[in-house]
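Q: I'd like to learn how to read domains and interfaces in a model like this one. Can you walk me through it?

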There are 2 protein chains.
Amino acid sequence: MEGVDHLALERSKTQFDVDQMKVVWAGSRHALDVSDRIGRLVASDPVFKKDNRAMLSRKDLFKDTLRKAAHVWKRINELKLTEEEASRLRFFIDQPSYMDLHWGMFIPVIKGSGTEEQQKKWLPIAYKMQIIGCYAQTELGHGSNVQGLETTATFDPKTDEFVINSPTLTSSKWWPGGLGKVSTHAVVFARLITDGQDHGVNGFIVQLRSLDDHLPLPGVTVGDIGMKFGSGAYNSMDNGVLRFDHVRIPRDQMLMRVSQVTREGKVVLSNVPRQLLYGTMVFVRQTIVADASSALSRAVCIATRYSAVRRQFGSNDSGVETQVIDYKTQQSRLFPLLASAYAFRFVGEWLKWLYTDVTQKLQANDFSTLPEAHACTAGLKSLTTSATADAIEECRKLCGGHGYLSSSGLPELFAVYIPACTYEGDNIVLLLQVARFLMKTVSQLPSGKKPVGTTSYMGRAEQLLQSRSNVQKAEDWLKPSVILEAFEARAMRMSVACAKDLSKFANPEEGFAELSPNLVDAAVAHCQLIVVSKFIEKLQQDIPGKGVKEQLQILCNVYALFLVHKHLGDFLSTGSITAKQASLANDQLRSLYSQVRPNAIALVDAFNYTDHYLSSILGRYDGNVYAKLYEEAWKDPLNDTVVPEGYREYIQPLLKQQLRNARL
Amino acid sequence: MEGVDHLALERSKTQFDVDQMKVVWAGSRHALDVSDRIGRLVASDPVFKKDNRAMLSRKDLFKDTLRKAAHVWKRINELKLTEEEASRLRFFIDQPSYMDLHWGMFIPVIKGSGTEEQQKKWLPIAYKMQIIGCYAQTELGHGSNVQGLETTATFDPKTDEFVINSPTLTSSKWWPGGLGKVSTHAVVFARLITDGQDHGVNGFIVQLRSLDDHLPLPGVTVGDIGMKFGSGAYNSMDNGVLRFDHVRIPRDQMLMRVSQVTREGKVVLSNVPRQLLYGTMVFVRQTIVADASSALSRAVCIATRYSAVRRQFGSNDSGVETQVIDYKTQQSRLFPLLASAYAFRFVGEWLKWLYTDVTQKLQANDFSTLPEAHACTAGLKSLTTSATADAIEECRKLCGGHGYLSSSGLPELFAVYIPACTYEGDNIVLLLQVARFLMKTVSQLPSGKKPVGTTSYMGRAEQLLQSRSNVQKAEDWLKPSVILEAFEARAMRMSVACAKDLSKFANPEEGFAELSPNLVDAAVAHCQLIVVSKFIEKLQQDIPGKGVKEQLQILCNVYALFLVHKHLGDFLSTGSITAKQASLANDQLRSLYSQVRPNAIALVDAFNYTDHYLSSILGRYDGNVYAKLYEEAWKDPLNDTVVPEGYREYIQPLLKQQLRNARL
């Protein structure tokens, strides 16, 4: 069977240019070439093998990760990879390690918050990995509320040093990736105390381990926090616990780009605007949205291919059972996720642009669009990660029983993905920030202040509060203007309703707390509008390739109409559409599913994932699922022996009725 | 800190008699006593320790399971436990093993489908566990569609034997629990073939392994199918793969209660009605619904307790941060799940009654209510297991970052629970069965046929299609009649709308396929109505204990109004309620949350779970979370050494820039 493409018939039905769609997905021909080349490189290197990961013990998995991380670094240097190539290489390795935090947090925070002098001192050795760093913010008792951190950094003017200390159990640093067993250094966030005064939380570069023998330095207690969700997954990472017992560091190891401590212990602000730090946040969140589309597309690719392989009930003329992908119940759950993968890809692409735009404005000391950019990235981070986490599990369910096998790849993908809903801002906390911004925007409308960027639709409040959708037949729902208006009206009306309800409270903070569930709903409506509108904007661009734009058009409509169905209560209760129009939307959605169907396999082929990266027997490119599942089963350690270990002690005495005398 | 109750203040606020609530939850004072006694017995026995389960390798975990299973059996015999006590003992062990299938499937199927003679031969040795059996139905390529199974049992009149064979790869038995490494026997489902004719799927008792040395018998290939979702969890079970190469068994090993094969190879039906087999199905599903309330209540108990321990942002007068449970966003996600746990408990209790009722009617040859009972149990199995799977993950998210730690207990609970959505009927397939029954019921209304049981509301179709909810103020939503009417109107109208849409199709089966997503929605609406109405019925009973009934009343309203909010699109699009009434429901819901708040901890204490059973540091009864998390971390194997294994090979060369020469 080797070499046979079980999905060839599916692929022959494709109505668009898959290669051009690959370019669209990758972002450019160049990006596709790089991704394709590096993907194959990783797949062909035996060190990067990962299909046995779920079976490894914690220790073996961790050692395997250390080996891979070192090999990655070796290959990057040997092959003199560009930054883009190196980043794709890390992506395809697909195994969390201390490297992620060293490159993704430690270096960026020094770049963003360190003075030029500090950057000169620390960055070169960090770039060469002569030191390995992590980002130590979260504490055992303190997560989202950074201002509640308890670790202290007390300035000692006698020695010109800071004394880093963990005064309580709950002040133990807890969670930082790479901290537990590997990092030699950390940026530690602690309350700056000078002259008995608390100046709030600042970052400090602290060496944790000796560069000679890797032992923790005096006063430093450090270890791993233990197993996490799933097998494999994030257990490759040494998330750590860290306590300080009056550890001293020189004054110049406080990150001083924004506020500085003088030799005398005075805290002074530099002339660098604090807002500059937000640039990093926008950058990080843009990465998270891009990761969401990767994880989601991966799950969708697996579920789509297996849905075409798997057959159940019914029968066609030849007497074979019906492909599961032909069932409307399957389509109505799967295709919206396929559409979401593309939607998140494009909104991620747009966020890249937004980051450039924000950076340029910051450099020109223009902070006017920052609050909007901040709210928008917070909301999109929350929306895309929550949707992706749910979607991975939905894809697993769409694979039936076999999705529960580790070899389906979906259990580990879920386990490794879900922390994205919590890190870099808990998703509910972020939505409340969005809601706060929306309420501010609404409250400023009467003053004539023009909302900018993704909130500019709110400038048309009067119209949107009055408008009635003029959908009269199902096909009307295909018009971008119709979709946009419905989403804008819904978002606008939910925000305005919240604002009205808030105004009834004497104490606005009390009102905000009391109404927070409604505010979260309003924030979600706003964020979904952003995703839909960016998808529509993407389609206004020139997109070459036979049938490519048409397919994206279909997916865009699937995404939007699926949301209308899912959040029908919002659309109807705000009067943005009528029940009749909702029913027409549903009819249209069903007919769109039929249009997606023949192209489904090609649409996931366009992600251009190697079988190595997918790491899923159900998602194999060639669809040769059953033979490979069967083959894989025998590799389980339990099958090392025909009679299991423990037979003599625990099974035989039971069968022979001799259990009473057995020692258990 | 040992011995301090960190939740004492919370417990002091309780407004009801917790002990009486424990009785309500357990079902009776007797059931509570048994459960309490056995729970403590298990918790105090070192063999049943399970807090290190996530760290065990597959082999060690499996051996641990064999040990526990043997110990369970030993204790049951030593202590001469009653059937009820033994069942609680297995419940509290909380580790899937071959025992579950031996007692839960192998024995029941022989009881249900074996002749009296067969029962006499097989049951005594099965009861004594001189043989261990499993239930081998599902195949690699065939799950829900039992009629599509490929394994054959061909009658050979020459030898008076059946020849059991696996003709294809996809006919390999795949998934049966207990099959992989332990079972000596199986009930194998195979196509009965006599004289070249296929008589469809029947069950056959087949010995798989030698009772002397446990080796597979000639012609039998058997093994484990490999790792499944998560660490610990269902990896304690040897789900198996099984192939037959023309294995011969005597004719009397076909289960012949309903159809029989004569010595001449003729297939004859016995006088036992086939419907009797449905009794078992109702029984199994009732168990699954009861399990759902157990798993859900366990997750809710963990999330509720930790939400009271955890503090974040804000501050009260003493300067401490606000308890997370005081946030409305937390309440609006958590309390509906708490209410669902109670709702599922009571509907499970009612299903127990239904099973008795069905059994009595079957014995009296009255099959009239069987289709309704079948649809109802199918729907409730689907509804409660899907909701529980989602709720466990939601509870994990409600615990913030720490919910991701294995020691929170939630990752493993999720991993071990989710198969319930697939086994004993895929949840979507089951909902389509419900929908089919609903469509039939609607189509028979004009003929005057009176709908029975849970569909009896459909007898008032005319009224329900016309009615308008008369809610005028938020408190109106507290009336059971108001809630029932809204849910009945919604369910009725969705079913009727589907029936209307279906009638437009020339081919009804085509229509059913095309409209299946809508049909699923209608089935869900019907099933939610059942749960709500059974909760309301429960409250019409006499429930003693100070404040107990009042608390349940609140939870019942929370459950119903939460569903109104979640499925608002249904209620509005069917015109069952107005947007204004929906908004009042929301107001009422918020106020109900405030009433649940002071009793939340006591409401989860009423589940009476031991810390051993919960197996969660976040859910500890005493709330001493942070000290224990810290303590637990150091037990991870990675912390066996300060410098990790692999340092010399993979970290040192990197730091020292000597990677180029390193062998990786």
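A: Sure, domains come first: the domain bounds used here come from an automatic or database domain assignment. For chain A that assignment gives domain 1 (127–272) and domain 2 (278–605), and their C-alpha centres lie 37 Å apart. Keep in mind that this is a predicted model, where local features need pLDDT of at least 70, side-chain atom pairs count only at pLDDT 80 or more, and totals for chains, interfaces and linings use all residues. Residues are numbered from 1 along each chain as its sequence is written, chains are lettered from A and ligands numbered from 1 in the order in which they are written, and side-chain values use heavy atoms, with hydrogens and water left out.

Q: How many residues does each domain of chain A bring to the contact between them?

A: Contact means heavy atoms within 4.5 Å. By that rule domain 1 of chain A brings seven residues and domain 2 of chain A brings 10 residues.

Q: What area is buried between domain 1 and domain 2 of chain A, and which residues of domain 1 supply most of its share?

A: Buried area is the accessible area (1.4 Å probe) that two parts lose on being put together, summed over both. Here it comes to about 600 Å², with 70% given by carbon and sulfur atoms. On the domain 1 side, A:Phe229, A:Ala233 and A:Tyr234 supply 69% of the area buried against domain 2, more than any other three residues.

Q: And how many salt bridges are there between those two domains?

A: A salt bridge is a side-chain nitrogen of Lys or Arg within 4 Å of a carboxyl oxygen of Asp or Glu. Between domain 1 and domain 2 of chain A the count is zero. Over all chains, though, the rule gives 88 salt bridges. One of these joins A:Arg396 and A:Glu393 at 2.9 Å, N to O. Helices (H or I, at least four residues) are DSSP runs, numbered from the N terminus. A:Arg396 and A:Glu393 sit three residues apart in helix α10 (residues 370–398) of chain A, so about one helical turn separates them.

Q: Now the chains: what does the interface of chain B and chain A look like in residues and area?

A: Chain B and chain A each put 128 residues into the contact. About 11600 Å² is buried between them, and carbon and sulfur atoms give 65% of that. In chain B, B:Phe229, B:Tyr404 and B:Leu638 lose the most area to chain A, together 7% of what that side buries.

Q: How many salt bridges cross that interface?

A: The rule finds 12 between chain B and chain A. For instance, A:Glu649 pairs with B:Lys63, their closest N and O atoms being 3.6 Å apart. As for elements, helix α4 (residues 58–78) of chain B gives the most to the side that touches chain A, with 11 residues.

Q: How are the two copies related, and why do they meet through the same surface?

A: Copies are superposed by least squares on the C-alpha atoms of residues with pLDDT of at least 70 in both. Chain B can be laid on chain A with an RMSD of 0.0 Å by a turn of 180 degrees and a shift of 0.0 Å along the axis. That is the relation of a two-fold axis. The copies meet through the same surface because 100% of the interface residues of chain B are also interface residues in chain A.

Methods: Helix = DSSP H or I, 4+ residues; strand = E, 2+ residues; numbered from the N terminus.
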